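Please examine the charged side chains of this chain and consider how they pair with one another. The paragraphs below take the pairs in turn.

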Amino acid sequence: SYIIVNNFNSATIDCRDQSKAKFRDNRFNSSSLVIWGNSSVEAETETYTGDISGGSGASICLSTTATLQLKKSTFNNITGFGIFAYDTSKCTLDLCRFSQVSRSAIVAHSGAQLIAADCDIQGGNDVGINLNQAHSASFTRVSVKDTGSSGVEVCNTNSLALDGCKFENCR
């Protein structure tokens, strides 16, 4: 499935069971992408914005054994979470930008795996990166700046690697 150059307004896009989809150049306005089951999504140059607190609570939500490879995408002025991965899902981020996400920009929980490289997180009222019982997380050249709470919070996570990361003005 190819999902290219669309505007989603107050909608949930649901990739379930064994779906395989490629997303590119879509705009999610107060909308969420939910990936679960054994689904696999590749996405590039996506834009997420708006209030998603009444839906899934996250711009992107992964669960079960779902996988996401996200490149060159932006999350701007989000009311809710940026990306929330849990169960044994795997999320790979490259060159993504998060600005003014009200909750944590990135969450890995309950066995999720997270790999992020060359990403920027700026602003927001909460923890920039929240790892709670994650299986593993690896960050390379990730910058977290001006968050309302910690830059990164780690609780009962099996493996964490930080390489060349910057944390500035994280309260």
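With which residue does Glu42 form a salt bridge? In this predicted model, the partner of Glu42 is Lys22, and their closest N and O atoms are 4.0 Å apart. Glu42 belongs to strand S7 (residues 40-44) and Lys22 to strand S4 (residues 20-24), so the pair ties together parts that are 20 residues apart in sequence. As for solvent exposure, Glu42 is partly exposed, at a relative accessible area of 38%, and Lys22 is likewise partly exposed, with 38% relative accessibility. The contact is one of seven salt bridges that a search of the whole structure finds.

A further pair joins Arg24 to Asp25, where the closest N and O atoms are separated by 3.8 Å. Arg24 has a relative accessible area of 38% and is therefore partly exposed. Asp25, with 35%, is partly exposed as well.

Another salt bridge is formed between Arg141 and Asp118, with 2.6 Å between the closest N and O atoms. This pair links distant parts of the chain, 23 residues apart. Arg141 sits in the loop between strand S19 (136-140) and strand S20 (143-145), while Asp118 sits in the loop between strand S16 (113-117) and strand S17 (120-122).

Are these two loop residues buried or exposed, given that buried means under 20% relative accessible area and exposed over 50%? Arg141, at 48% relative accessibility, counts as partly exposed. Asp118 has a relative accessible area of 23%, so this residue is partly exposed too.

How values were computed:
Residues numbered from 1 in each chain as written. Predicted model: local features only at pLDDT ≥ 70, side-chain atom pairs only at ≥ 80, totals over all residues. Heavy atoms only, no water. Salt bridge = Lys/Arg side-chain N within 4 Å of Asp/Glu carboxyl O. Helix = DSSP H or I, 4+ residues; strand = E, 2+ residues; numbered from the N terminus. Buried < 20%, exposed > 50% of the residue type's maximum accessible area, 1.4 Å probe, protein only.
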